[in-house]
Amino acid sequence: MNHTKINKEGNMNENAAKAFGELVAIVDRLMGENGCPWDRVQTRESLKPYLVEETYEALEALDHNDPEKIKDELGDLLYQILFHAKISELQKEFDIRDVVNTIADKMVRRHPHVFKEGELQTPDQVVDQWEQIKKSEKANQGRSSALDGVPLHLPGLKRAQKLQKKRRSRASTGTRSTRCSPSWTRRSPSSRKRYGTATRSMWKANWATFYSCWPTSPASRNSMPKKPCARPITSS
């Protein structure tokens with residue numbers, strides 16, 4: 001897609017483009033023939049822990065709402081993206097331009113009310129449209145299940161939250177009872193404890209999904225009730 005018209009309308013910041021180009025050049029130098037011995041031997045597999053670490057450090061900076069820390073951690077995260085893109089470029093798969101063009105195309109495609117035709121008035125309408133477009137795209141990729149695409153590497157609570165969100169999007173009606181079965185009283189104390197821990201984890205994910213927050217963030221920890229509500233949770 002040609003983004004020239006979009007860039008002109010959006011008044012693209014030339015200084016930002018120049019700074020980004022300089023960072024790309026630094027990555028090229030570090031991973032080049034006379035670059036850094038450590039950088040040159042890294043692989044996708046070896047970089048995975050750093051990507052996870054930088055992501056969580058960025059989340060912590062966001063939780064603290066510290067602009068300087070956020071700036072620093074977003075830079076570290078951006079470098080990880082450039083690092084992986086350079087590895088793919090060296091393997092003749094794609095380069096950072098392909099990465100940028102891919103996300104640019106996606107944002108234009110998922111916002112037809114801005115870049116094409118149509119008009120949406122509320123954030124909820126935008127989310128509904130986004131999900132409809134995304135569902136159509138995934139169907140064209142051959143995904144048969146609504147639960148496909150939920151990363152296995154997500155933290156347990158966040159993965160449970162995403163699975164519940166996808167399940168809710170498919171379910172039109174139904175409730176879940178919080179009552180225990182008669183066999184509950186025959187279980188051993190250790191079994192009841194393990195079951196209780198698992199139930200609370202699922203409830204926390206459900207709570208976070210309902211209130212649209214990250215289940216392990218300080219916001220969710222500080223505002224989450226200590227005990228599940230007594231009423232059944234309704235699928236919506």
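# Exercises on helices H5 and H8 and the aromatic pairs

The buried residues of H5 (under 20% relative accessible area with a 1.4 Å probe, protein chains only; exposed is over 50%, partly exposed in between) are Ile70, Glu73, Leu77, Tyr79, Gln80, Leu82, Phe83, His84, Ala85, Lys86, Ile87 and Ser88. The model is predicted, with local features needing pLDDT of at least 70 and side-chain atom pairs pLDDT 80 or more, while totals for chains, interfaces and linings use all residues. Residues are numbered from 1 along each chain as its sequence is written, and side-chain values use heavy atoms, without hydrogens and water.

**Exercise 1.** Describe the span, the start and the packing of H5.

*Step 1.* Helices are DSSP runs of H or I with at least four residues, numbered from the N terminus. H5 covers residues 67-90 and has 24 residues.
*Step 2.* The expected span is 1.5 Å times one less than the number of residues. For H5 this is 34 Å, and the first and last C-alpha lie 35 Å apart.
*Step 3.* At the N-terminal end, Asp66 acts as a cap, with a side-chain oxygen 3.1 Å from the backbone nitrogen of Glu68.
*Step 4.* The buried residues of H5 pack against H2 (14-30), H3 (37-40), H4 (44-64) and H6 (96-109), where contact means heavy atoms within 4.5 Å.

**Exercise 2.** Decide whether Lys71 is buried or exposed.

*Step 1.* Lys71 is found in helix H5.
*Step 2.* Its relative accessibility is 54%, so Lys71 counts as exposed.

**Exercise 3.** Find which residues of H8 are buried and where they lie around the axis.

*Step 1.* H8 spans residues 123-140. Gln129, Ile133 and Glu137 are its buried residues.
*Step 2.* They cover an arc of only 70 degrees around the axis, so they sit on the same side of H8; the arc is taken from the directions from the helix axis to the C-beta atoms.
*Step 3.* Pro123, Asp124, Gln132 and Lys135 are exposed on the other side of H8.
*Step 4.* The buried residues of H8 pack against H6 and H7 (112-115).

**Exercise 4.** State how many aromatic pairs there are, and describe the pair of Trp38 and Tyr50.

*Step 1.* Rings of Phe, Tyr and Trp (its six-membered ring) pair if their centres lie within 6.5 Å; planes under 30 degrees apart are stacked, over 60 edge-to-face, the rest tilted. The count comes to three aromatic pairs.
*Step 2.* Trp38 and Tyr50 are edge-to-face, at 5.7 Å centre to centre and 90 degrees between the planes.
*Step 3.* Trp38 lies in H3 and Tyr50 in H4, so the pair ties together parts 12 residues apart in sequence.

Key:
Helices (H or I, at least four residues) and strands (E, at least two) are DSSP runs, numbered from the N terminus. A polar contact is a pair of N or O atoms within 3.5 Å; within protein, one must be able to donate a hydrogen and the other to accept it, and residues adjacent in sequence count only if both atoms are side-chain atoms.
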